[in-house]
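User: I have a model open and want to go through its side chains. Can we take it question by question?

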Amino acid sequence: MPTPRKAQISLSDTPYYHCVSRCVRRAFLCGKDKLTGQSYEHRRGWVEQRLLFLGKIFAIDICAYAVMSNHTHLVLHVNKEQALSWTTTEIIQRWHRLHKGTLLTHRYINTHDRSHMSTCELNAVEEIASVYRQRLYDISWFMRLLNEFIARRANKEDGCTGRFWEGRFKSQALLDEGSLAACMAYVDLNPVRSNISATPENSQHTSIKKRITAARLNLQPQTLFPMSDNSDGGKDNQLPFRYADYIKLVSVTADEMASEKSGVIDEMASFYEGFGLNQAQFQWLVAGVETQFASKISIDLCKRKWRSQKMQRTG
């Protein structure tokens, strides 16, 4: 039986989650259908555009993403404190960019109409805004408004109806900095691992391409959750590792994958040793994000699984 969504998403444990959505039909999300010859490559742009649009509205930051041929990978950061800091007007204006709202919410954001609203009506608006506020830091609502939008658009293009995605998106809680870094690298390197792209910087519709392109201009993408630019590490509104270190990590991990030799990633030893892992363990963690872990990933869990598998191999 699948783990209930409320058990998979627990902000008291971590604000970071890896989410995966997969198509249920043979018709691709993107890419080219070998049987019909029809290309769906343009749909990658649909997903990326919608994803980045939602990131501007929700109190959910986009850490990493990759749009593949029949599935999408996201690493998200839930910023509940940000949602709680928004005024009622801000909440309603954000929600109106996604849905029509109600007659009362539209009257409320018009300052003239608001001045003529009764106390009962104003209280009703506050109750509605409270519901909207919770939705705006809810990963399930984020994924719903991403996937439903793409499904409707794809079904219209395909001239059909019915389910486009699997019933539920998969969610993995990233419980510490090491699992977060490994999962982000796993997501960013999906096109390289699948032989779709030769290098991370050439991986279309991925967060790593955006980060590398911006880094060449000494910038960070405004649409992605930022990283620290100094040695002090991340702040509350940043990822907990340095920008240059992460880009280097992805680059040398890609080189290691391409060369099929161990040791290429040695120059990043201080990075993954900071998480309490050696080189082989960190590489194993990056490669096994989906295959070795279910609903949560942590360094402690990685070490236990690593030791167990090592004992089985040495028998």
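User: Is Glu-148 buried, partly exposed or exposed?
Analyst: This is a predicted model. Glu-148 has a relative accessibility of 35%. Buried means under 20% and exposed means over 50%, so Glu-148 counts as partly exposed.

User: Which residue meets the side chain of Glu-148 in a salt bridge at 3.8 Å, and is that residue buried or exposed?
Analyst: The side chains of Glu-148 and Arg-152 meet at 3.8 Å, N to O. Both sit in helix H8 (residues 139-158), four residues apart, so about one helical turn separates them. At 51% relative accessibility, over the 50% cut-off, Arg-152 counts as exposed.

User: Which residues are joined into one network by salt bridges that share partners?
Analyst: Glu-148 and Arg-152 form a salt bridge. Shared partners extend this pair to a network of Arg-144, Glu-148 and Arg-152.

User: Which helices does the salt bridge between Glu-121 and Arg-107 tie together?
Analyst: The closest N and O atoms of this pair are 3.1 Å apart. Glu-121 is partly exposed at 24%, and Arg-107 is partly exposed at 22%. The pair ties together parts 14 residues apart in sequence, because Arg-107 lies in helix H5 (residues 103-109) and Glu-121 in helix H7 (residues 119-135).

User: Which backbone oxygens lie by the side chain of Gln-172?
Analyst: Gln-172 is in strand S4 (residues 170-174). At 1% relative accessibility, Gln-172 counts as buried. A polar atom of its side chain lies 2.9 Å from the backbone oxygen of Val-289. At 3.2 Å, the side chain also reaches the backbone oxygen of Phe-293.

User: Why are the buried residues of helix H4 on the same side?
Analyst: In H4 (residues 88-96), the buried residues are Thr-88, Thr-89, Ile-91, Ile-92, Trp-95 and His-96. They lie on the same side of H4 because the arc they cover around the axis is only 160 degrees.

User: Which helix gives the most to the largest nonpolar core?
Analyst: That core has 48 residues. Several elements each supply at least two of them, including strand S2 (60-67), helix H12 (243-259) and helix H9 (177-188). With eight residues, the most is given by H9.

User: What does Met-184 touch, leaving out residues up to four places away in sequence?
Analyst: Met-184 is among the members of the largest nonpolar core that touch the most others, along with Val-75, Leu-239, Phe-241 and Tyr-246. Its contacts are Cys-63, Ala-64, Val-75, Arg-211, Met-227, Leu-239, Phe-241 and Tyr-246.

Conventions: Residues numbered from 1 in each chain as written. Predicted model: local features only at pLDDT ≥ 70, side-chain atom pairs only at ≥ 80, totals over all residues. Heavy atoms only, no water. Core = buried A, V, L, I, M, F, W, Y, C linked by side-chain atoms within 4.5 Å. Buried < 20%, exposed > 50% of the residue type's maximum accessible area, 1.4 Å probe, protein only. Helix = DSSP H or I, 4+ residues; strand = E, 2+ residues; numbered from the N terminus. Contact = heavy atoms within 4.5 Å. Arc of directions from axis to C-beta. Polar contact = N/O pair within 3.5 Å; in protein donor to acceptor, adjacent residues only side chain to side chain. Salt bridge = Lys/Arg side-chain N within 4 Å of Asp/Glu carboxyl O.
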